[in-house]
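Colleague: I'd like to learn how to read salt bridges and helices in a model. Could you walk me through one?

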Amino acid sequence: MTENTDIHRLLDEAFRGVDMTPDAQDLKEEVRANLVARAAELEAGGRTPADAARTAVAELGDVRELLDEGTDAAASGPSGYAALQQRYHVKPKAGFVVRAVVWSLAAVVGIVLGVLGATGILPVVVGPVIGFFGMASTALGLLVGDSLHQETTTNHPMPENRAGGFAAATFLAAYGVAFGFLVVVGALPVWCVVFAALGVIASIILFAFLGATQTNRHKAWTRRAHAEEPANRFEREPETAARFGIYTAAIWIVTFCVIAVLVFTVGWWWTPVAFAAGFALMMLVLARMLFAPEKKS
């Protein structure tokens, strides 16, 4: 895909009248990379290059507000990745929160009523039971699609069509599982398992297609910040690496002492047990050091 040249023209127009200080110039270049990535995603979602460029710049908002936020963050805020997160923080949308609650409640109500109806606790025929599960499946699909279409601080919103694809895949999977459940409890004849299989198989195919064609939705500043951050935790936190070294030394000192005691008491054939225990303990400590939640970002 060729680069969208409309971005540069629209970006120059957005910065027209702004005093181009070094900070403003740095922000402009950061925004340019962000906009190019965002326009590419919109084009991948079916927008024309000109429409994608206009939409990406419109989502940017007023550049003067960005300049004010950048100046404030540089003057008094945290530095590094935390400063970037603060600068590009996206506030939750009240409408999305309300919709998410509604979709969740509809899903729970549909599942509960469907299960009660399928097991005979709720005296209804099979038609409404299928409708309850249909309501729950639709709510789950809408919840997934709506969530993916929301912009976050570090991710661009998923294009509308692609988010709709994930919603449809979720609906098919949930409805397929619901049909299978109705067959298992005897509410539907065995041949209805065909519907369950069709739903589940179609959802797997759709999920696989969406996953294979997934584009990078991370914002440019997020990718750059991650690229500049050392991948190994021991490189980011030397104190953690030093603590692991001390723990390792202590573990093996104790292990060799135990081995010596075993050799002079019960026999040398028990020494592999002590060695294996020491090695397992060292690996557990290593996993704890590498993958425990970080205290700072």
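**Reading salt bridges and helices**

Modeller: Happily! Start with E13, which forms a salt bridge with R9, the closest N and O atoms being 3.5 Å apart. Keep in mind that this is a predicted model.

Colleague: What is the general idea behind such a pair?

Modeller: Side chains of opposite charge can pair when their charged atoms come close. Here, E13 and R9 are four residues apart in helix α1, so about one helical turn separates them. E13 is partly exposed, at 38% relative accessibility, and R9 is also partly exposed, at 46%.

Colleague: Which residues of helix α1 are buried?

Modeller: First, the general idea: an α-helix has 3.6 residues a turn, so residues three or four places apart point the same way. In helix α1, which spans residues 6-14, the buried residues are I7, L10 and L11. Because they cover an arc of only 105° around the axis, they sit on the same side of α1.

Colleague: How many salt bridges are there?

Modeller: The count comes to three. One of them joins R47 and D51, with the closest N and O atoms 3.6 Å apart. Another links D146 with R99, where that distance is 2.6 Å. D146 belongs to helix α7 and R99 to helix α6, so this pair ties together parts that are 47 residues apart in sequence.

Colleague: Is D146 buried or exposed?

Modeller: D146 counts as buried because its relative accessibility is 12%, and the cut-off for buried is under 20%. Its partner R99 is partly exposed, at 33%.

Colleague: How many helices and strands does the protein chain have?

Modeller: The chain has 13 helices and zero strands.

Definitions and conventions
Residues are numbered from 1 along each chain as its sequence is written. This is a predicted model: local features need pLDDT of at least 70, side-chain atom pairs count only at pLDDT 80 or more; totals for chains, interfaces and linings use all residues. Side-chain values use heavy atoms; hydrogens and water are left out. Buried means under 20% relative accessible area, exposed over 50%, partly exposed in between (1.4 Å probe, protein chains only). Helices (H or I, at least four residues) and strands (E, at least two) are DSSP runs, numbered from the N terminus. The arc is that of the directions from the helix axis to the C-beta atoms. A salt bridge is a side-chain nitrogen of Lys or Arg within 4 Å of a carboxyl oxygen of Asp or Glu.
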